[in-house]
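Trainee: Got a minute? I'd like to go through this one with you, starting with the charged side chains.
Mentor: Sure, put it up and ask away.

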Amino acid sequence: MRRHHPGSRLRLTRRPPGRAADTVLQVTVSPAPHGVALRFHRERPADAAERERRRAHRAAVIDALERLGPGA
């Protein structure tokens with residue numbers, strides 16, 4: 001873990017298997033009109049294909065969280 005701001009932001013550094021370089025994932029949670037806003041930011045993906053795979057994965061995770069409904 002690189003840094004965290006309790007209740008709002010978490011930054012993680014990791015080296016994925018097979019990669020020579022680290023990548024940083026930042027997750028931010030902030031108040032929104034109907035619950036919270038969840039934001040993801042990845043620094044230094046290997047390439048555009050990895051960026052798209054991660055984007056699709058995050059979208060699937062957010063969809064799953066939304067299906068849980070309020071207060072889950």
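Trainee: What do the side chains of Arg 55 and Glu 52 form?
Mentor: A salt bridge, at 2.5 Å from N to O. Keep in mind that this is a predicted model, so that distance is computed from predicted coordinates.

Trainee: Okay. How far apart are Arg 55 and Glu 52 in helix α1?
Mentor: Three residues, which puts about one helical turn between Arg 55 and Glu 52.

Trainee: And is Glu 52 buried, partly exposed or exposed?
Mentor: Glu 52 is partly exposed, because its relative accessibility is 43% and the partly exposed class runs between 20% and 50%. Arg 55 gets that label too, at 42%.

Trainee: Where does Glu 52 sit relative to Ala 32?
Mentor: Their C-alpha atoms are 26 Å apart, with the two positions 20 residues apart along the chain.

Trainee: How many salt bridges does a search of the whole structure find?
Mentor: Four. One of them pairs Arg 15 with Asp 22, where the closest N and O atoms are 3.0 Å apart.

Trainee: How accessible are Arg 15 and Asp 22?
Mentor: Arg 15 has a relative accessible area of 49%, so it counts as partly exposed. Asp 22 is partly exposed as well, at 28%.

Trainee: Which residue does Glu 50 meet in a salt bridge?
Mentor: Arg 19, at 3.3 Å from N to O. That pair links distant parts of the chain: Glu 50 belongs to helix α1 (residues 48–68), while Arg 19 is in the loop between β2 (9–14) and β3 (23–32), and they are 31 residues apart.

Trainee: Are Glu 50 and Arg 19 buried or exposed?
Mentor: Both Glu 50 and Arg 19 are buried.

Trainee: Let's switch to the strands. How do β2 and β3 run, and how many bridges join them?
Mentor: They run antiparallel, with six bridges between them. For a landmark, find Thr 13, which stands opposite Val 24 in β3.

Trainee: And what about β3 with β4?
Mentor: Antiparallel, with nine bridges joining β3 to β4 (residues 35–43). Ser 30 has Ala 37 in β4 as its bridge partner. The connection from β3 to β4 is a hairpin through two residues.

Trainee: Which residues form the nonpolar patch on the surface?
Mentor: Val 29, Val 36, Leu 38, Leu 65 and Leu 68, with about 420 Å² of accessible area together. The elements giving two or more residues to that patch are β4 and α1.

Trainee: Where's Val 29, then?
Mentor: Val 29 is in strand β3. Val 29 counts as partly exposed, because its relative accessibility is 32%.

Trainee: Back to the helix for a geometry check. What should α1 span, and what does the model give?
Mentor: At 1.5 Å a residue, the 21 residues of α1 should span 30 Å, and the end C-alpha atoms are 31 Å apart, so the two agree.

Trainee: Why 30 Å for 21 residues?
Mentor: Because the expected span is 1.5 Å times one less than the number of residues.

Trainee: Last one: what happens at the two ends of α1?
Mentor: At the start of α1, a side-chain oxygen of Asp 47 comes to within 3.2 Å of the backbone nitrogen of Ala 49. After α1 comes Gly 69, with a positive phi near 85 degrees.

How values were computed: Residues are numbered from 1 along each chain as its sequence is written. This is a predicted model: local features need pLDDT of at least 70, side-chain atom pairs count only at pLDDT 80 or more; totals for chains, interfaces and linings use all residues. Side-chain values use heavy atoms; hydrogens and water are left out. Buried means under 20% relative accessible area, exposed over 50%, partly exposed in between (1.4 Å probe, protein chains only). Helices (H or I, at least four residues) and strands (E, at least two) are DSSP runs, numbered from the N terminus. Two strands pair if DSSP finds at least two bridges between them. Patches are made of residues with over 30% relative accessible area and no salt bridge: like charges are joined within 9 Å, nonpolar side chains (Val, Leu, Ile, Met, Phe, Trp, Tyr) within 5 Å. Accessible areas come from the Shrake-Rupley method with a 1.4 Å probe; for residues, only the protein chains shown count as cover. A polar contact is a pair of N or O atoms within 3.5 Å; within protein, one must be able to donate a hydrogen and the other to accept it, and residues adjacent in sequence count only if both atoms are side-chain atoms.
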